[in-house]
Amino acid sequence: MSNGSPGAPVVHGFPHLDTVRSAITALYRRLSPDGVHSYGTSLVPADAAFSDADDLHLGAQRVARALVQHLRLPDARMIVGFRTMEHAASVELTAGPEYFIELNDRFRTHRRDIGAALAHEITHVLLHRLGLEFPGTRDNEILTDTVTAYLGAGWLLLDAFREDATSRQKLGYLTPEEFGYVLAKRALAFDEDPSPWFTSPQAYKAYTKGRAQALHDLRRPPLTAAGWAGRRRYAKDRRYAQDHPGTDPGTGAAPGRSGADPGSGGADPAVPYAFESGGEGLRVSFPCPTCHQRIRLPVRGRTVARCGLCRTRLECDT
């Protein structure tokens, strides 16, 4: 787990957004919508509370047990220890049922963040048991952060973000705003508001920025909730695709569309849709705003679609 040690510069914004969205898709594919929705209630703050009066090791074991229960690992026993180390925490991934988690010695005196560190490491155990992983350490850690947040324990990781004139701390690989984005995606899917749980003002600010990005996902064409500018651009791109069918035989998509200028040789990454020509006429593909699985629909005007992966009902104007 990334250290985020005090004084280290904190990266902001959404540099890992594509990987985060892929992680949400992978989670829905692996667990199914019913499996994901079985995590409908987040870990409550009382289960992660850790005061200076608590015994260090007994308290860490108590929080670890709460996280094991929340993440539905009934036969997993976590052995928690502390040592001097470069990173914030690590876990030994074995066949189980016992897993050994080591936390950085600094958590001996920063007990309020022990729950955050344990949440990330215990999610590693969950993903290990599910056989869900991404290639490469960086992407796999982003997957772990994303799943921790989406399954209801990752608000602890965002709440561990603190920044002032003399020090700064962040746990995990996601930026604070990306944590806010995933938490907001969860909030929209489960009708939940995590904002009252934040004790860090910086965490709350990052959540509001992430929530704005998550709401933007709901307002992109061809969804009917798209704003005027997005609908106008979509109509222009659709006309181009209709007038130039099959002009890119390598992909079947109109070249440079999805918002880019004709002949530019590539799609604009800020625009999520793409048009495809085929024997059945023009079709548009775009990501589901909930799980980001791509959906393909015929270009026929207003329609109601349902995502085949997460079952979200989508009102569209193709």
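Which residue with a positive phi follows H5? Gly-152 does, with a phi near 100 degrees. The views below start with the whole chain and return to this helix.

**View 1. The whole chain is a predicted model with nine helices and 10 strands.** Local features need a pLDDT of at least 70, and side-chain atom pairs count only at pLDDT 80 or more, while totals for chains, interfaces and linings use all residues. Residues are numbered from 1 along each chain as its sequence is written, and side-chain values use heavy atoms, leaving out hydrogens and water. Helices (H or I, at least four residues) and strands (E, at least two) are DSSP runs, numbered from the N terminus. The protein chain has 318 residues, and 53% of them are buried. Buried means under 20% relative accessible area, exposed over 50%, and partly exposed in between (1.4 Å probe, protein chains only). Accessible surface comes to about 14,500 Å², by the Shrake-Rupley method with a 1.4 Å probe. Carbon and sulfur atoms hold 50% of that surface. Among contacts (heavy atoms within 4.5 Å) with a separation of 6 or more, 60% link residues 24 or more positions apart.

**View 2. Confidence falls below 50 over residues 248–267.** The score is pLDDT, the predictor's confidence in each residue, from 0 to 100. The chain averages 89, and 90% of the residues score at least 70. Beyond near neighbours in sequence, the stretch 248–267 has 36 contacts in the model. Where pLDDT is low, the predicted coordinates should not be read in detail.

**View 3. The largest nonpolar core has 92 residues.** Such a core is a set of buried Ala, Val, Leu, Ile, Met, Phe, Trp, Tyr and Cys residues joined through side-chain atoms within 4.5 Å. Met-78, Leu-103, Leu-118 and Ile-122 have the most contacts inside it. Helix H4 (residues 114–130) gives the largest share, 10 residues. Leaving aside residues up to four places away in sequence, Met-78 touches Gln-61, Ala-64, Val-68, Tyr-99, Ile-101, Ile-122 and Val-125. In soluble globular proteins, nonpolar side chains tend to be buried together.

**View 4. Helix H5 (residues 137–150) is mostly covered.** Of its 14 residues, 11 are buried. Among them are Asn-140, Glu-141, Asp-145 and Tyr-150. The buried residues of H5 pack against H1, H4, H6 and H7. H5 reaches 20 Å from its first C-alpha to its last, close to the 20 Å expected at 1.5 Å a residue. The expected span is 1.5 Å times one less than the number of residues.

**View 5. Helix H8 (residues 201–217) packs against three helices.** Its buried residues meet H1 (17–37), H6 (155–159) and H7 (176–190). They include Ala-203, Tyr-207, Gly-210 and Asp-217. H8 has 17 residues and reaches 25 Å, close to the expected 24 Å.

**View 6. Strand E7 (residues 283–287) pairs with E6 and E8.** Strands pair if DSSP finds at least two bridges between them. Three bridges join E7 to E6 (residues 274–276), and the two run antiparallel. Five bridges join E7 to E8 (residues 294–298), also antiparallel. Ser-285 stands opposite Ala-274 and opposite Arg-296 in E8. Four of the five residues of E7 are buried.

**View 7. Two hairpins share strand E7.** E6 and E7 have six residues between them, and Gly-281 in the turn has a positive phi of about 95 degrees. E7 and E8 also have six residues between them. In that turn, His-292 has a positive phi of about 70 degrees.
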